[in-house]
Amino acid sequence: MKYGQELQQNIFAPWKLSYVAYDGLKHELKNRQLDHGWTAKDEEEFIEMLDNELSKVYDFVNAKLSEIDARILYCERTIQTLQKNPAMASDANYSIMDEALTEILFDVNDLSRFTRINFVAFQKILKKHDKWTGLQLKQAFVEKLREKPLDKQRFDVAIIYISALHDICRNRGKKSIDDTAFEDQNEFERATAKYWIHPDNITEVKAIIMLHLPVYIYNKQKKWEPVDSAISSVYFDNPNFDLYTTRLQRDEGSEAIRFRWYGTNDKSNIYIERKTHHASWLDGASVKDRFRLKESQVNPFVQGTLTANEIAHSFIQANTDKSTVDHVHFVASGIQRSFRERQLEPMLRVYYNRTAFQLPDDQRLRISLDTNLTFIREDHLDGIRRRQPSYHWRRNDVGIDYPFHNVKQDDCLLFPYAILETKLQTHLGQQPPAWLTSLVESHLVHEVPRFSKYLHGACHFYRDRLALLPWWLSELNVDIRKPRAENIGLTRSRSFKPLIDGKYRRAMIEEQEKANKEAVVNKQAERTSDRSHKSSETQVNLQTFVQETSKQLQGLPPVPPAKQEKRSQASSSSQSTSILHKLFAKGNHDLELGTKVDETKKPKMKVRVEPKVFFANERTFISWLQFCALLLTVALNLLNFGDMVSRIVGGIFIGLAAGIAIYALYRFEKRAWMINHRIDGRYDDLWGPALLCLLLVIALIVNFYLRFK
């Protein structure tokens, strides 16, 4: 598909006039080139048109962002008013605010898509310009794109604030209990899965996850800033790439060692981390160990002058418990041993912006989304990059200024996709929720099992030194975008109301509340069932007998367990004959109730279609037939009472009448099928009347030509 057609399909109708005039620019470029060749004046005028379009798009984005900020501020003040006035803090008011926040979230998603589409449109038109004119305008125009950056517009701040307010509405004004301090991940057994996300879908995926899980903020003592999402890691290996090879082959005990910090080049918090696959000291379980050092301590630690004993002693002085001290000593000594024995050196830096999603009081499910993923060389294997006079574990000329224009192009790789990672605590029996299953199976994500940031970056920069390459490299040569699935993701109704997986927000909230109630009922039934198992054997036998007899008499399913347990308790205080009578009488009533409660067994009833819908379809069909009959009458008169020219025209009209009748029958049957099967689509006819008029005009022209001749 040409990009002009793709652009037209993705235009958001209310903002149609604010998009870049791609077709107009392309028309000017092509016509001027074909008319008189490309001149200096044409180049000057074309650049002016590009500037005007860029200013139009950029100003619109800024205006919309200001509008969104004002709406978020209004919602924040309203929610604060509800929190301060318990009389106003009703579920209905919080639901209204939740829907208002959902509207804002959809606008953020639409604005993000608008920005992305226009940025790609500028890139495409500049590429066409350079190809058709032979000039190099794309490189010169990059500076203007940096002054008015469409590719760096950040929507994370708005999503963070919407997430915080949405969480308050979810809890009806109550604050979540935050007991998930920055934990070491080796405390949990997590089943992880990794996916690639195309840049076109990043904001939509964030919005979908945010509707179910709030954005997790590590440091709530300060106002969140975009720089807080930055994560940098330096990976270590030796010139033989032993860690790379063992990690790729998933050998027993294979290691990955990295030094990580958050935000800017923090001088106090550097996390020393080691990932071990099937660790021998944990009976074959995989684990990630880590501890924290100050930046000034990292070089001495790598060189071995700062020993594990000294690190453990510093933790003892900080009044750390003995188990943590022992763990830090064990990890530090193991990492230093790897540095000595394997001669590890800094090889690769990985940078990205992470958005984490997690309930503050629930660690069973955690989702992270990494964007702006960048790989930067840290080694000196090519003889160009030299170590500093005194050994340093990282380059000092690289910060967090994505996309790192100050770094040589050969030393930097910008990954084209975002990385989505889901983590489930399998040892607690946690199962993925239905909304997450729907997301990972949708068109928005592309699964890449066992994807590793270090393995990918290393195979890019050091491919000539490696014997093995990761399997997912071939996936980079294909477009991971898929056709949009119906009723999946964030869409708009015909009235531009927000739809989440084809449903309104209110319907989703009601379904979630219903599922929560059913979970509570099932939990109570399980507890009651456990107590009933402790009853006497006689009562159990009697209960089974009653259940089977009731099934034989009425041909209905067995009595629900919760009802059986109530009757088993009632049986202990009455005689056996009266028990049977009461149980049979009550069993019929309970079975009827059971058919109402158990919705999984309830047959789905079709919604009745009004007869007038079918009659309207028949009236349309009859109207077409009336026109065919009129046309056929004219044709027969021409055939029976005319000359040679009249007979020719009459034959044409007979063919038209027959074709129109067949077409009318096809449209009638198709509409009837769509009505019976509740198919959403266009019931009007776009091409039939236009084609009919065209054929009639052609027939009249033929008649006029033959008669005039």
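Start with helix α7, residues 202-210, in this predicted model. The buried residues here are I202, T203, E204, V205, K206, A207, I208, I209 and M210. That is nine of nine, so the helix is mostly covered, with "buried" meaning under 20% relative accessible area. Notice that the buried list includes E204 and K206 alongside residues such as V205 and I208.

Now go back towards the N terminus, where α2 (residues 22-36) has two helical partners to look at. A pair of packed helices is described by the angle between their axes and the distance between those axes. Take α3 (residues 40-84) to begin with: its axis comes within 11 Å of the α2 axis, and the two cross at roughly 175 degrees. Since angles over 145 degrees count as roughly antiparallel, α2 is roughly antiparallel to α3. On the α2 side, the contact is made by L25, E28, L29, R32 and H36. They meet D42, E45, F46, M49, L50 and E53 in α3. Sorted by class, this contact has five nonpolar, one polar and five charged residues.

The other partner is α4, residues 91-133. Here the axes come within 10 Å and the crossing angle is roughly 5 degrees. That is under the 35 degree limit, so α2 and α4 are roughly parallel. From α2, the residues in this contact are Y22, L25, K26, L29, K30 and Q33. Across from them in α4 sit A121, K124, I125, K128, H129, W132 and T133. The class count for this pair is six nonpolar, three polar and four charged residues. If you're tracing side chains, L25 and L29 are worth clicking on: they appear in the contact with α3, and they appear again in the contact with α4.

Next, the backbone. Most residues other than glycine have a negative phi, and most peptide bonds are trans. Where does this chain depart from that? One spot is the bond joining Y402 and P403, which is cis, with omega at about 10 degrees. P403 lies in the loop between β7 (365-377) and β8 (412-414).

Two non-glycine residues with positive phi are also worth a look. F241 has phi near 55 degrees and lies in the loop between β2 (230-237) and α8 (242-249). With a relative accessible area of 0%, F241 counts as buried. N372 also has phi near 55 degrees, but N372 is found in strand β7. Its relative accessibility is 24%, so N372 counts as partly exposed.

Finally, move towards the C-terminal part of the chain. An unreviewed UniProt entry places the feature "transmembrane region" at residues 621-641, 648-666 and 686-706. In the model, residues 621-641 are 100% helix and 0% strand, with the end C-alpha atoms 31 Å apart. Residues 648-666 are likewise 100% helix and 0% strand, and there the end C-alpha atoms lie 28 Å apart.

Two cysteines fall within the annotated spans, C628 in 621-641 and C693 in 686-706. Are they buried or exposed? C628 counts as buried, at 6% relative accessibility. C693 has a relative accessible area of 47%, so it is partly exposed. As for disulfides, the structure holds zero.

Key:
Residues are numbered from 1 along each chain as its sequence is written. This is a predicted model: local features need pLDDT of at least 70, side-chain atom pairs count only at pLDDT 80 or more; totals for chains, interfaces and linings use all residues. Side-chain values use heavy atoms; hydrogens and water are left out. UniProt positions are given in the numbering used here, feature names are shortened, and annotations may be inferred rather than shown by experiment. Helices (H or I, at least four residues) and strands (E, at least two) are DSSP runs, numbered from the N terminus. Buried means under 20% relative accessible area, exposed over 50%, partly exposed in between (1.4 Å probe, protein chains only). A disulfide is a pair of cysteine sulfur atoms within 2.5 Å. Axes are lines fitted to C-alpha atoms, for helices over the stretch in contact, and angles run from 0 to 180 degrees between N-to-C directions. Angles under 35 degrees count as roughly parallel, over 145 as roughly antiparallel, 65 to 115 as roughly perpendicular and the rest as oblique. Contact means heavy atoms within 4.5 Å. Ala, Val, Leu, Ile, Met, Phe, Trp, Tyr, Cys and Pro count as nonpolar, Asp, Glu, Lys and Arg as charged, and the others, Gly among them, as polar.
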